[in-house]
Every structure is written in C-alpha cells, then in structure tokens.
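Q: Please give a close look at a single part of this model, the surroundings of the ligand. Which residues are closest to the ligand, and how many surround the ligand?

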Amino acid sequence: MAGRLLSIGECMVELMQAEGDLLRKGYAGDTFNTAYYARLFLPRDWSVDYLTAVGTDTVSDEMLAFIGKTGVGTSTIRRVEGRSPGLYMIHLTDGERSFSYWRSVSAAKTLADDASHLRTAIEASDIIVFSGITLAILAPSAVETLLSELRRAKAAGKHVVFDPNIRPRLWDDKAYMRETVSAGARASSLVMPSFDDEQAHFGDADIAATIARYRGLGVDNVVVKDGPKGVTLSFGDTPLQFVPSANVEKIVDTTSAGDSFNGAFLARYAVDGDATAAARFAAEAAATVIQHHGALVSRDKFEASL
Ligand code: ADP
C-alpha cells in the first residue's frame, strides 16, 4: 500500500422523508463523508479506513455492510454490545430542511474508550482525519485519550487533519467548545475550518484572523473554506494562496460540500503534496456534489477528468 487514510468519528443512520409517511434509510456523518470522497479520489494503492464504534444489532450490521460497499475499510470499527448507532431524521417543510437527532447514547460515543485500539489504528496510518463533531460527542476524558494519541501521531510526522465543523447544538458549554476545538487544532498539522463558523464562534474579523489564530496554536497548515467565494491556504512558509470556488449554475443540495472538499483535497494532496492544485481539484469536486441530492454522490456524476 502506498499509504493509508484513517477517518475518526460518527456515522449515523439517516432517515429522509420519501413519499407520504414513508422514510428512506441512509448512512452519513461528516467524517464518514470525508472518508467516502477520499476513497473515491485516492489511487487504489491507498487504503481508506473508518474508525468509529457501532453496536452488535442489525442496523449496525447494515451500516458496516454499507460502509464496506463504498470501499472504505471497516476493520478499525469497534463493536459494542448493548449500543446502537445514532440516528437523525431530515424533515422537508416547503423545501426547507430541518433535523431531529437521536444520538445521546450512540455507540460512537465509545470510539475512544480503548486507547490501545486507537493507537494501533493511528500508527498504521499516514493521514488521520477527525472533526469538531468527533470531539463534541465524546466525554472530556475520551477527548483527552483521542487527542493524546493524535498529538503523538503529529509528533511522529503524520498528517493529522482537523475540520472544526462547529455545531453549537452539540456543545452545552460554549467556552468548553472553544477550548476543545483549540485543543483539537493544537494536535493537528492541517486545520480545514469554514470561515462562517469561525467568525460566529471565535469572533474572527476576517479570514486572515482565522489563519493567524490557528497558526498561533502551532498548526503549520490551514485551509479556510468560505462557501461560494473559495478557499485561502496558508501552508508552511509559502505566501497565502486564494483558490476560487468553481462555477455552479444551480445548487441542488449543499449537504456535504465541506466534507467532499476535505476528502477530495486530501486525496490529491496525499499523492503529490501540491496544496494549491489539490484545492482546485477539491473545488471542482465540491461543486459537483452540491449539484446533486444527498451527502454521498456516486463516481459517475463526476467529470471523468476528476
Ligand atoms: P461547509 O459545508 O463545511 O460549510 P462551505 O460552505 O465553505 O463548507 O463549502 C465548502 C466548499 O464547497 C467550498 O470551499 C466550495 O469549494 C464549495 N462550495 C460551497 N458552496 C458553493 C457554491 N455556492 N458554489 C460553488 N462552490 C461552492
């Protein structure tokens, strides 16, 4: 294998309104979506694995089968007796989406309970991806277990990639949220935030302020996403680079825009280390994703050139 990308977090059961009262079942979650797009765009000699915890029930079996079918490896997924995956429902009211969640006792909350399992999986990987949602679902002691393994990986020279993906409803205490997101960044070599979240929750005046804050925490590489406008990259000692978003005629569904950007970016960056080219590629990929329904868009919807 040329390399291995490991994504750590929570994949949930998704129930979406179909016809009338019927619901359609799917599976999604930010870090899983990122793994899905990394798998789609990485060469076959890379492996992509997902690390989470699920139960031993039927829906957990189904979720593992689904993940496996996408080509994302499931051997690092823990199975926990007596727990089930988290679940969310998408409600469509006059074209507007709203969400209900049942995830307070999800199996994924135990994903960092076995430190030696985490260490083995991380040591066998070159790129490790996690998010603010991964941290938000964990108890403070589990956050510390995960971050100490990630700090170890960063010190060993691995790429540790963090998308703060701030979801205020997952954090009861906003000061603890900011502290934990900052701790996540300190454990990382690359942070990929969305500017609107950072502005809202850290009060950053502009993108330069977001970059300066993360660089000040010891993060060597930052990619700030700014929706339709584009992304700004601060990589090592190279001057700031701006890469515009691709043109989109008609937005169909913006679900997973940021996750697909991250996955596509990492897939390209892993291969040749050219961050600017990777951002251009990821902008094209994310533009395709938002012109289709759902979080996980199939390979045939992308230009053959991607
Ligand atoms: P998130 O979904 O995490 O909030 P953004 O909204 O910043 O992330 O979008 C992530 C990426 O998706 C952007 O960097 C851009 O490449 C693409 N994107 C999002 N919205 C648009 C849009 N309206 N037109 C073109 N590209 C877009």
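A: A residue counts as near a molecule if one of its heavy atoms lies within 4 Å of that molecule. On this basis the ligand is surrounded by 16 residues, and S194, G227, A246, I251 and G258 are the closest. The model is predicted, with local features requiring pLDDT of at least 70 and side-chain atom pairs pLDDT 80 or more, whereas totals for chains, interfaces and linings use all residues. Residues are numbered from 1 along each chain as its sequence is written, and side-chain values use heavy atoms, without hydrogens or water.

Three of these residues also form polar contacts (pairs of N or O atoms within 3.5 Å). The side chain of S194 places an N or O atom 3.0 Å from an oxygen atom of the ligand. For G227, a polar backbone atom is 2.8 Å from a ligand oxygen atom. A backbone N or O atom of G258 is 3.2 Å from an oxygen atom of the ligand.

G258 falls within helix α9 (residues 257–272), a helix being a DSSP run of H or I with at least four residues, numbered from the N terminus. The axis of α9 comes within 7 Å of that of α1 (residues 30–41), and the two cross at roughly 40 degrees. Axes are lines fitted to C-alpha atoms over the stretch in contact, with angles from 0 to 180 degrees between N-to-C directions. The two helices, α1 and α9, are therefore oblique to each other, the class left after under 35 (roughly parallel), over 145 (roughly antiparallel) and 65 to 115 degrees (roughly perpendicular). In contact (heavy atoms within 4.5 Å) are D30, N33, T34, Y37, A38 and F41 of α1 with D259, S260, N262, G263, A264 and A267 of α9.

Notes:
A polar contact is a pair of N or O atoms within 3.5 Å; within protein, one must be able to donate a hydrogen and the other to accept it, and residues adjacent in sequence count only if both atoms are side-chain atoms.
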